Amino acid sequence: MRKITKKFISEHIYLLLGIVIGLYISSFISAGLDLSCTTTENNLRVDKRLAQEIINSSINRLAPKILPEKPQGEQKSTFVRPRYYSTELGIREKLFVGIFTSENKVNSHAVHINKTIGHIVDKIKFFITAQYKLKTKFNLTGLVGFTDARSKYRPFQVIKYVADTFSMDYDYYFFANDYTFINVHRLQDVVDKISVSMDVYLGTKVMGSSYCNLEAGIVISNSVLRAARKYLEWCIMNAVSDDYSENIGRCIHHSLNLSCQESVQDQTMPSFKLKEFNLKSLQTLSKNADFNAAVTVRPVIANDDFFRLNAYFLKQRLEMYNRQISEISKSLTDSWPAGQRPGAVPATRFDMPRQQYFNMTHIFLPDDFTILRSHTESELVDIQNILKDVTSQVAAQHPKEYEFRRLVNGYKTFDLSRGLDYTLDLGFRDLHSGKEIVKRFEVCKPLGNVEFIPVPYVTENARVSIILPVQETEVYQAMHFLEAFDTSVLAKKEKTLLLLVLLYQYNSESKGSQDVFAKLKRFVIQASAKYENEDLKISWLSIRLPQAKFPLLMENNKAIHFAVTDLALKKIGLHSLTLVLDVWAYVTVDFLNRVRMNTIEDYQIFCPIPFRQYSPFVTQLAHLEVTKMSGHFDREEFRYVAFYGSDYVKARKETESEIPLIRTDNDITKLLKSETKKKGNIFDMFLQHGRDVHCMRATEMNLKILYHFEKDRNRMNKFYGNDAQLAKLLLTKGDIIPELM
């Protein structure tokens, strides 16, 4: 018997396996069938396929459609700067208003709501059901029509539309019905005082429920809108009511476990429910504190009632502003000039505003490095205008008594929080006695309103072309520059072009083992092979200097700077962002980004004031950091400048009569004449001949200059060290000070 059974199983093994597999699959299919005839709440819910159809149901106006991304090959990652600062910083408008309305109310209630609040809120939209083009029947702008006529799913369609279209633009979203009057100024006061980091579901609770009443208006934050959009499919599948308030509340509760909030950060949104409304009842309601504090009033039946309520609350608002103005006006007499804030109280004696003494021709000690200088044209005009105003006021108050003679003393102080204050001692001749009388006057020029200056659009994506002149005596320092540049810029694959301009003396070898720049060239070749990227290049340009009795150095022949730039631009291109440096500079990515943002073609050049290192022998500091003990900003340095090639060419052509253009190495001889060889300041050229180009100059902590002996005898600061360090050195090691010189 056992043999027969074994034989039967072996002959029908496939049949038996098929039966077992079929029973296994049928168990899963039967589990999903419901053969009962009873109807439960769960049977009323829609499946996922229908939920997606409701979510994606078309709307009458064009809405953004998200298409599936096509598979792409491997691409290099590039940083793309957003067009607006607000996008990158996440700055949004404050309030979006959405109104649920119907076709028969569009030309009445919806129009009146739009007229009362449309010009105040940041954005307003009206949501209706429409099976045709909206513009053919309605004149109201901001209409959004949905083709799905099932009102049960209307809140979810609105959430989907608003989240997909406006989720990046607003902090708060307010929804209400078309028969709800909105006191929009009170609504703005509420949302302005709530932190944007809060999850807000604010309104008036439905009686006996944890949901906010849509008739009274609902405020939700951006985070709540995004969460509801994320769980929208669940919300549609579990919608069991035709009540908009319940459907919205159920969806938000599932998304964030958040119930209706009647107060957020001490801010409430009270709503007043009308029993009747007319001019007579308005007089009674005006004495009701709840009515006066209401953000919304409902229900509003007659169209003109929207305008009556709007006029009442605007009058109430105007009276509040008048009371505030009266209270503020009482305190204006405590300051001078009236309404002007007093100067900021300095934290320490080092923060005291500088008070500068002046007369009619000069200003004394205008900064830490200048003892006396003449007035600029604008300063002199300002002083003359002030004297004219003061003397005319004296003549008006004391006619035929005093005659202005002279400015005895003048002091001015600029306070960043207040403005410019003048203290003037003026000498007058007494017309009765003939004697001179000195009177003191105080004049204040307050700060005006802050204005944004429009400038062209720039990004941090432009490639920076760096011109680096290298002399034969600077090969060692140039290698240090290249090694640091490789670590801080090239290794990060920053979009740059580094062009080494190698300045050969007339008899120097330029090939073979005798080439003085052979080590630099090997580094350039290795770096080019290492970073094979079209946005990252490093190269060199050889320039042969003319024959001379002594070696030609850029320190003694500053006009060579123009020769280097003229010849380098022929290789770089005229529309490139160009930065001129030297071998003593230490460059970072942050500095290059500042160059990109501050240099604008046909508009602005940038000449940074670098942070220059004191002598390490004096400071005893091995590392260069931006501190008062290790260095100082060098205001006498102008060789570091960034510009666009096209702007340089325009200004350079204006100077051709003074400084000849250099097209080949042989033309450099023209620059070595006695009257031109000392002119090598590119920034000064832009100041004098860059007609439409603004010259920006500012301190730049990310551009650091290593200490080196400065041969320019006209420099005031040799950057040996600060006063305390030099004094200490003089007292302790005075015998070795000549080694610094």
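Does K493 count as buried or exposed, and at what relative accessibility? In this predicted model, K493 counts as exposed because its relative accessibility is 59%, and the cut-off for that class is over 50%. This lysine sits in the loop between α15 (475–488) and β17 (496–504), where its phi takes a positive value of about 55° although the residue is not a glycine.

A positive phi in a residue other than glycine is also found at Q265, where the angle is near 50°. Q265 belongs to the loop that runs between α10 (244–256) and β8 (271–273), and with a relative accessible area of 39% it is partly exposed. Another backbone feature is the cis peptide bond that joins R298 and P299, with an omega of about -15°; P299 itself is placed in the loop between β9 (296–298) and α13 (304–330).

Turning to the pockets, the largest one has a volume of about 1,000 Å³. It is lined by 30 residues, of which E555, K558, H561, R639 and E710 are the closest to its centre, and by class this lining comprises twelve charged, ten nonpolar and eight polar residues.

The second largest pocket holds about 570 Å³ of space, and among its 19 lining residues the closest to the centre are D368, F369, R635, E636 and N717. Two or more residues of this lining come from each of β22 (631–633) and α22 (723–732), while the classes are seven nonpolar, five polar and seven charged residues. Because domain 2 (355–446) and domain 3 (464–730) both contribute residues to the lining, the second largest pocket lies between them.

Key: Residues numbered from 1 in each chain as written. Predicted model: local features only at pLDDT ≥ 70, side-chain atom pairs only at ≥ 80, totals over all residues. Heavy atoms only, no water. Helix = DSSP H or I, 4+ residues; strand = E, 2+ residues; numbered from the N terminus. Buried < 20%, exposed > 50% of the residue type's maximum accessible area, 1.4 Å probe, protein only. 1 Å grid on protein atoms, 1.4 Å probe; cavity = no way out; pocket = protein on both sides within 12 Å on 5 of 7 lines; lining within 4 Å. Points joined across faces, edges and corners; volume = space filled by probe spheres on them. Nonpolar A, V, L, I, M, F, W, Y, C, P; charged D, E, K, R; others polar. Domains from an automatic or database assignment.
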